[in-house]
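Trainee: I would like to go through this model and ask what stands behind each label. Please set the values against the cut-offs as we go.

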Amino acid sequence: MDKLQQIYDTCKNCTACPLHQTRTNCVFGVGNPNAQLMFVGEAPGEQEDLSGTPFVGRAGQLLDKFLFAVDIDRSDVYIANILKCRPPKNRDPLPAEEDACIGYLREQVRTIKPKIIVCLGRISAMRLIKPDYKITREHGTWVEKGNFLMTAVYHPAALLRDPRKNEEMLRDMKVIKQKLNELQ
Ligand code: URA
């Protein structure tokens, strides 16, 4: 059976942390299983919990606009989150929830083998790049980790709160597109 499907089948029945009690859907991930570029957000929000798909709410629609602006097709990338189940009232993930869930993301990355991983926001960058990541200061900087090139950008929800950051986001996204082109 398809490896991603196998991971999903385990994930959708996961009871490793209390968030499974309040989920409507396990929000596993979406996109191209052979993507060179993978985006990793924080955790599902309400719309994602209801639909089972990451980044379909307001923040997701803004992400789509930035992808369109730099000519990256959403169907060419893979999008997932650190947590697969929605935290109540969209609060920040607890360390224990991240610990319980991160194995699914690791397996997704091992299976998809993207060349570039982009953290969407502080929570993802702190988990995947380094624990003291400062998104305001360090977004758009690049690190090589294992077989991946990694960077972080502002979370689209942060852009909704403060559209003055849109310009920096566009700049970061253009560099992501350029790095992607360099892989071809
Ligand atoms: N915010 C996230 O971090 N992930 C989603 O899937 C939706 C909103």
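**Labels and their reasons**

Mentor: Phe55 sits in the loop between helix 2 (46-51) and helix 3 (58-69). Keep in mind that this is a predicted model.

Trainee: Why is Phe55 called buried or exposed?

Mentor: The relative accessibility of Phe55 is 6%. Buried means under 20%, so Phe55 counts as buried.

Trainee: What is noted about phi of Phe55?

Mentor: Phi of Phe55 is near 55 degrees, a positive value, and the residue is not a glycine. Most residues other than glycine have a negative phi. Asp71 is also listed with a positive phi, about 60 degrees, although Asp71 is not a glycine.

Trainee: Where is Asp71, and why is it called buried or exposed?

Mentor: Asp71 is in the loop between helix 3 and strand 3. Exposed means over 50% relative accessible area; Asp71 has 61%, so it counts as exposed.

**The ligand**

Trainee: Which residues are around the ligand?

Mentor: They are Gly41, Glu42, Ala43, Glu48, Pro54, Phe55, Asn81 and His155. A residue is listed because one of its heavy atoms lies within 4 Å of the ligand.

Trainee: How does this shell divide by residue type?

Mentor: It divides into three nonpolar, three polar and two charged residues. Ala, Phe and Pro count as nonpolar and Glu as charged, while Gly is among those that count as polar.

Trainee: What makes the pair formed by the ligand and Asn81 a polar contact?

Mentor: A nitrogen atom of the ligand is 2.8 Å from an N or O atom in the side chain of Asn81. The cut-off for such a pair is within 3.5 Å, so the pair qualifies as a polar contact.

Trainee: What are the corresponding values for His155 and Glu42?

Mentor: An oxygen atom of the ligand is 2.8 Å from an N or O atom in the side chain of His155. For Glu42, a polar backbone atom is 2.8 Å from an oxygen atom of the ligand. Taken alone the ligand exposes 240 Å², and the protein buries 92% of that.

Trainee: Which pocket does the ligand take?

Mentor: The space taken by the ligand is the largest pocket.

**Asn81**

Trainee: Where does Asn81 lie, and why is it called buried or exposed?

Mentor: Asn81 lies in strand 3 (residues 78-81). Its relative accessible area is 2%. The limit for buried is under 20%, so Asn81 is buried.

Trainee: What does the side chain of Asn81 have to do with Glu42?

Mentor: A polar atom of the Asn81 side chain lies 3.2 Å from the backbone nitrogen of Glu42.

**Other residues**

Trainee: How do you know whether Gln108 and Asp49 are buried or exposed?

Mentor: Gln108, in helix 4 (residues 95-112), has 0% relative accessibility and therefore counts as buried. Asp49 is in helix 2 and has a relative accessible area of 5%, so Asp49 is buried.

Trainee: How far apart in space are the C-alpha atoms of Gln108 and Pro33, and those of Asp49 and Pro163?

Mentor: Gln108 and Pro33 are 75 residues apart along the chain, with 9.0 Å between their C-alpha atoms. Asp49 and Pro163 are 114 residues apart in sequence and 25 Å apart in space, C-alpha to C-alpha.

Trainee: What makes His20 buried, exposed or partly exposed?

Mentor: His20 is in the loop between helix 1 (3-11) and strand 1 (30-31). Partly exposed covers values between the 20% and 50% limits; His20 has 25%, so it is partly exposed. The C-alpha atoms of His20 and Arg86, 66 residues apart along the chain, are 8.5 Å apart.

Trainee: Why is Asn34 called buried or exposed?

Mentor: Asn34, in the loop between strand 1 and strand 2 (37-41), has 63% relative accessibility, so Asn34 counts as exposed. Its C-alpha atom is separated by 8.3 Å from that of Asp76, 42 residues away along the chain.

Terms used:
Residues are numbered from 1 along each chain as its sequence is written. This is a predicted model: local features need pLDDT of at least 70, side-chain atom pairs count only at pLDDT 80 or more; totals for chains, interfaces and linings use all residues. Side-chain values use heavy atoms; hydrogens and water are left out. A polar contact is a pair of N or O atoms within 3.5 Å; within protein, one must be able to donate a hydrogen and the other to accept it, and residues adjacent in sequence count only if both atoms are side-chain atoms. Accessible areas come from the Shrake-Rupley method with a 1.4 Å probe; for residues, only the protein chains shown count as cover. On a 1 Å grid over the protein atoms alone, a cavity is a set of points where a 1.4 Å probe fits but cannot get out, and a pocket is an open set with protein on both sides within 12 Å along at least five of seven lines; lining residues have an atom within 4 Å of a point. A molecule sits in a cavity or pocket if more than half of its atoms lie within 2 Å of its grid points. Helices (H or I, at least four residues) and strands (E, at least two) are DSSP runs, numbered from the N terminus. Buried means under 20% relative accessible area, exposed over 50%, partly exposed in between (1.4 Å probe, protein chains only).
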